[in-house]
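Dear colleague,

Please find below the structure that I am handing over to you. A summary of what was found in it follows.

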Amino acid sequence: MDGRRQRARTVRGPHGAWVPGLGTLVIALITGLAAAFAVAATLDAVQRDREAVEADGTVVKRWKKHKTRYADVVFTTAAGTRVRASLSKGDWTSLPKVGARVRVRYLPTDPADGVTDARQGRISRYRMPILHWAVVVAFAIASGWSQRQSVKDRRRD
């Protein structure tokens, strides 16, 4: 391997010394951070799946902000509180029209936050945790590959 390719794969440390494996460490740290987000998203989705309550509502407004479409729905909770919530297009199986009667899912502890279309399937409700775990797996593979390359480079030297 020529010198230019060797320098491209390693990171320079303090005082100009080469620090092998620093790239692997950075990728591993990013993997850990991504795993923390994945765990949080998974716990949130499980809580919503277990504790969510369904209610009938009515779409009172449709609007758009920064290329994202929303529908505002008004519903009454099991406790009798009237709530108005904005749901983005991704929270609906299909964005309903104004005046449409809809069935929504909400958390009784915070009914205005995290309202979703009750017709959504389990896969749709778990799409963010699935996406987060896919990122974790991708970074874990990159970290392993980087570590392998670093070990190969040290053996050649």
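Read from the start of the sequence, the elements of the chain follow the order α-β-β-α-β-β-β-β-β-α-α, which amounts to four helices and seven strands. Please bear in mind that this is a predicted model.

Overall figures for the chain

Of the 157 residues in the chain, 29% are buried. The chain exposes about 10300 Å², and carbon and sulfur atoms supply 58% of that area. Among contacts between residues at least 6 apart in sequence, 61% join residues at least 24 apart.

Helix α2 and the largest pocket

Helix α2 covers residues 22-51. This helix has 30 residues and spans 44 Å from its first C-alpha to its last, close to the 44 Å expected at 1.5 Å a residue. Its buried residues are Thr-24, Thr-31, Ala-34, Ala-38, Ala-41, Ala-45 and Asp-49.

The same helix is part of the wall of the largest pocket, where α2 contributes five residues, the largest share of the lining. At least two lining residues each come from α2, β6 (101-106), α3 (122-125) and α4 (127-156). The volume of this pocket is about 350 Å³. Its lining consists of 20 residues, and those nearest the centre are Asp-44, Ala-45, Arg-48, Thr-116 and Arg-125. By class, eight of the lining residues are nonpolar, five are polar and seven are charged.

Two buried residues

Asp-49 lies in helix α2. Its relative accessibility is 18%, and Asp-49 therefore counts as buried, the cut-off being under 20%. Setting aside residues up to four places away in sequence, Asp-49 touches Arg-105, Arg-122, Arg-125 and Tyr-126. One of these partners, Arg-125, is also among the residues nearest the centre of the largest pocket.

Val-74 is placed in strand β4, which comprises residues 68-76. Because its relative accessibility is 13%, Val-74 also counts as buried. Beyond its neighbours within four places in sequence, Val-74 is in contact with Gly-57, Thr-58, Val-60, Arg-82, Val-83 and Arg-84. The C-alpha atom of Val-74 is separated by 10.0 Å from that of Ala-55, a residue 19 positions away along the chain.

Which residues, then, does Asp-49 touch outside its own stretch of sequence? They are three arginines and a tyrosine, namely Arg-105, Arg-122, Arg-125 and Tyr-126.

Yours sincerely

Technical notes. Residues are numbered from 1 along each chain as its sequence is written. This is a predicted model: local features need pLDDT of at least 70, side-chain atom pairs count only at pLDDT 80 or more; totals for chains, interfaces and linings use all residues. Side-chain values use heavy atoms; hydrogens and water are left out. On a 1 Å grid over the protein atoms alone, a cavity is a set of points where a 1.4 Å probe fits but cannot get out, and a pocket is an open set with protein on both sides within 12 Å along at least five of seven lines; lining residues have an atom within 4 Å of a point. Grid points are joined across faces, edges and corners, and a volume is the space filled by probe spheres set on the points. Ala, Val, Leu, Ile, Met, Phe, Trp, Tyr, Cys and Pro count as nonpolar, Asp, Glu, Lys and Arg as charged, and the others, Gly among them, as polar. The expected span of a helix is 1.5 Å times one less than its number of residues. Buried means under 20% relative accessible area, exposed over 50%, partly exposed in between (1.4 Å probe, protein chains only). Contact means heavy atoms within 4.5 Å. Accessible areas come from the Shrake-Rupley method with a 1.4 Å probe; for residues, only the protein chains shown count as cover.
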